[in-house]
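Let's take a walk through this one together, starting with the charged pairs and ending with the rings.

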Amino acid sequence: MHKGIAIYPGSFDPPTNGHLDLMERGAKIFEELVVAILRNSEKSPMFSVAERLEMLRALTGHLKNVRIDTFDGLMVEYAKSLEATCILRGIRAISDYEYELQMALMNRKLEPTLETVFMMPADKYSYVSSRLVREVAQAGGPVRGLVPEIVEQKLREKLDPAYKLRDARQIAVLNKKDLNKKEKKRKKA
Ligand code: PNS
C-alpha cells in the first residue's frame with residue numbers, strides 16, 4: 001500500500017462502471033484516494049456538480065479510504081493543497097494514451113514532485129466512456145451494465161422527467177391510501 005494521498009481527478013459526467021472499477025483498484029494500492037470532480041469545466045455538463053457528488057458518494061460508500069471532493073483551476077494546485085503525492089488516471093485503450101501522456105507531462109512540468117500513476121480498468125469496460133453513455137442514453141438506448149444502477153436511474157430521471165413525476169405520483173397515491181386507512185381506524189375507534 002502506497003502511503004499518502006492520491007487524487008483521481010475527472011469530470012465523471014456521469015460516473016461509469018469503468019470509473020468505479022478504477023476507484024476500487026486505486027483504493028487497494030493507495031492509503032487515501034480522493035476522487036476530485038472538476039467544477040469549472042468548459043463543457044456544459046449533463047449532471048450538476050452536486051448531482052455528481054451525490055452519485056459518487058453513494059457509489060463509494062463501501063470504500064472506506066475513498067472520499068469525494070471538487071476542485072477548480074489547476075489540478076496540481078489542488079493536489080498541493082491536499083499534500084497529495086500521486087495522480088491516478090485510467091487508460092482504457094491506446095487511443096487514451098496520447099492525451100493522458102500530454103496531460104501527465106504538463107502536470108509534471110507544473111509540479112515535478114507529483115507522480116501520475118496509470119491503471120487499466122477491467123477489459124469489459126475498455127470501451128465505456130461517459131460521453132458514449134450520455135449519447136446512448138440520450139438516444140433512448142440501454143446503458144445497463146455500463147453504469148452503476150444508481151446512475152442508470154438518474155439518467156432515466158434526467159432524460160424523462162415524466163419518470164420522476166410518475167414516481168412522485170405513485171408515492172402520493174400510497175400516502176393517500178395510508179391516510180385513508182388511518183382515517184378509517186380513527187373513525188372506528
Ligand atoms: O474526465 P476528464 O474530463 O478526462 O478529466 C480531465 C481533468 C479534469 C483531469 C483535466 O481536465 C484537469 O485536470 N483539469 C483541471 C485544469 C488543469 O489542471 N489543466 C492542466 C492539465 S494538463
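A residue counts as buried under 20% relative accessible area, as exposed over 50%, and as partly exposed in between. Lys80 sits at 41%, so it goes down as partly exposed. Keep in mind throughout that this is a predicted model.

Lys80 is a handy place to begin, since it forms a salt bridge with Glu111, the closest N and O atoms being 3.4 Å apart. Glu111 lies in the loop between helix H4 (94–110) and strand S5 (115–119), while Lys80 belongs to helix H3 (residues 75–82), so the pair ties together parts that are 31 residues apart in sequence. Unlike its partly exposed partner, Glu111 is buried, at 11% relative accessibility. There's a further member to add here: Glu77, Lys80 and Glu111 are linked in a network of salt bridges.

How many salt bridges does a search of the whole structure find? The number is 15. Here are some of them, with the distance between the closest N and O atoms:

| Acidic residue | Basic residue | Closest N and O atoms |
|---|---|---|
| Asp13 | Arg134 | 3.7 Å |
| Glu111 | Lys80 | 3.4 Å |
| Asp96 | Arg92 | 2.9 Å |

The Asp13 pair is worth a look on screen, as it links distant parts of the chain, 121 residues apart. Asp13 is in the loop between strand S1 (2–10) and helix H1 (17–29), and Arg134 is in helix H5 (residues 130–138). Is Asp13 buried or exposed? It's buried, with a relative accessible area of 7%, whereas Arg134 is partly exposed at 22%. For the pair of Asp96 and Arg92, the acid is again the buried partner: Asp96 has 14% relative accessibility, and Arg92 is partly exposed with 34%.

Now for the surface. Ile94, Tyr97, Leu101 and Leu105 form a nonpolar patch there, and together they have about 410 Å² of accessible area. Ile94 belongs to helix H4. With a relative accessible area of 77%, Ile94 is exposed.

On to the strands. S1 pairs with strand S2 (residues 30–38) in the parallel sense, over 7 bridges. One place to spot this pairing is Ile7, whose bridge partner in S2 is Val34. To get from S1 to S2 the chain passes through H1, and this β-α-β crossover is right-handed. S2 is also joined to strand S3 (residues 66–71) by 6 bridges, and these two run parallel as well. Here Leu38 stands opposite Phe71 in S3.

Phe71 leads us straight to the rings. The count of aromatic pairs comes to 2. In one of them, the rings of Tyr8 and Phe12 have their centres 5.2 Å apart and their planes at 85°, so this pair is edge-to-face. Tyr8 is buried at 5% relative accessibility, and Phe12 is buried too, at 3%. Phe71 itself pairs with Tyr78: these rings are stacked, 5.2 Å centre to centre with 25° between the planes. Both Phe71 and Tyr78 are buried. So Phe71 turns up twice in this tour, standing opposite Leu38 from its place in S3 and stacking with Tyr78.

Key
Residues numbered from 1 in each chain as written. Predicted model: local features only at pLDDT ≥ 70, side-chain atom pairs only at ≥ 80, totals over all residues. Heavy atoms only, no water. Salt bridge = Lys/Arg side-chain N within 4 Å of Asp/Glu carboxyl O. Helix = DSSP H or I, 4+ residues; strand = E, 2+ residues; numbered from the N terminus. Buried < 20%, exposed > 50% of the residue type's maximum accessible area, 1.4 Å probe, protein only. Patch = residues over 30% accessible without salt bridge, like charges linked within 9 Å, V, L, I, M, F, W, Y side chains within 5 Å. Areas by Shrake-Rupley, 256 points an atom, 1.4 Å probe, with all protein chains shown as cover. Pairing = 2+ DSSP bridges. Right-handed = clockwise from strand over helix to strand, strands pointing away. Phe/Tyr/Trp six-rings, centres within 6.5 Å; stacked < 30°, edge-to-face > 60°.
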